[in-house]
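Here are my notes after a look through this one, in no special order of merit. Have the structure open while you read, and check each point against it.

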Amino acid sequence: ISVSIAAIDFGSIELGSSTSQTFTISNENTATGLLSGFPGLVGSDNYSIISGNGEFNLTPGESITVEVQYAPTSAGQQNGRVNVNHNASNESSPVEVELTGVGTELDIIAVFSTTSFDFEDVEIGNYTTGSIEISNSSSSDAALTGSTTISGSGYSIISGGGGFNLTPGGSIIVEVQYAPT
């Protein structure tokens, strides 16, 4: 038996995302020996074998590719292992492929053009307006979701009120009116 790698480092992956990598199991026997076995996961539920799982029977010179997926559901480092159980005589069974990955929190960056208004003196019966831009400056694929509301006597949202869902680079303009009574 020959396994192409001893470890897979998936690096840092944002929660809700996934990535996969492969390794190869080969029968390098030059005689007629049939290599039989199966890969199995040990450790974290954040890993799965998405192809090449199940029992294999390889004649000399044949190989199989195993694809392992990492899809973190919590932040921090997660370790796992693929045990390649086999009947070969050149390596003890199982051959281990160590798995490491780090789940990272979504990097959502909300930017507000202003955080307060000073409408100064507005006479009763008149009104004034102001606007605020809310944007998602995230470098990830994470959406910025939320809603705009207002409270206080004489204040109202003219446009841009309610729920929003901003993809990275997206923005919304919220226009606010003050009309004292």
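1. Start with the acidic surface. D118, E120, D121 and E123 come together there as a patch of negative charge. Keep in mind throughout that this is a predicted model.

2. Take one member of that patch, D121. It sits in the loop that runs between strand 10 (110-112) and strand 11 (128-136). Is D121 buried or exposed? With a relative accessible area of 81%, D121 counts as exposed, because the cut-off for that label is over 50%.

3. Another acidic loop residue to look at is D45, placed between strand 4 (35-43) and strand 5. D45 has a relative accessible area of 78%, so this residue is exposed too. If you want a ruler check, D45 and E98 are 53 residues apart in sequence, and their C-alpha atoms are 14 Å apart in space.

4. Now the salt bridges. How many does a search of the whole structure find? The count is one. The side chains that meet in a salt bridge are those of E96 and R81, at 3.7 Å from N to O. E96 belongs to strand 9 (residues 95-104) and R81 to strand 8 (residues 76-86), so the contact ties together parts of the chain that are 15 residues apart in sequence.

5. A word on how open the two partners are. E96 has a relative accessible area of 38%, and the value for R81 is 23%. Both fall in the partly exposed class, because buried means under 20% and exposed means over 50%.

6. On to the rings. The search of the whole structure turns up seven aromatic pairs. One of them is Y47 with Y70, which is stacked: the centres are 4.9 Å apart and the planes make an angle of 25 degrees. Stacked is the right label because the planes are under 30 degrees apart.

7. Where do those two tyrosines sit in the chain? Y47 is in strand 5 (residues 47-51) and Y70 in strand 7 (residues 63-70), and the pair links distant parts of the chain, 23 residues apart. Y47 and Y70 are both buried, in contrast to D45, which is exposed in the loop between strand 4 and strand 5.

8. Last, have a look at the aromatic cluster. Its members are F117, F119, Y155 and Y178, linked by ring pairs. While you are there, glance back at D118 and E120, which are among the residues of the negative patch on the surface.

Terms used: Residues numbered from 1 in each chain as written. Predicted model: local features only at pLDDT ≥ 70, side-chain atom pairs only at ≥ 80, totals over all residues. Heavy atoms only, no water. Phe/Tyr/Trp six-rings, centres within 6.5 Å; stacked < 30°, edge-to-face > 60°. Helix = DSSP H or I, 4+ residues; strand = E, 2+ residues; numbered from the N terminus. Buried < 20%, exposed > 50% of the residue type's maximum accessible area, 1.4 Å probe, protein only. Patch = residues over 30% accessible without salt bridge, like charges linked within 9 Å, V, L, I, M, F, W, Y side chains within 5 Å. Areas by Shrake-Rupley, 256 points an atom, 1.4 Å probe, with all protein chains shown as cover. Salt bridge = Lys/Arg side-chain N within 4 Å of Asp/Glu carboxyl O. Lys, Arg positive; Asp, Glu negative; His and termini not counted. Charge placed at Lys NZ, Arg CZ, Asp CG, Glu CD.
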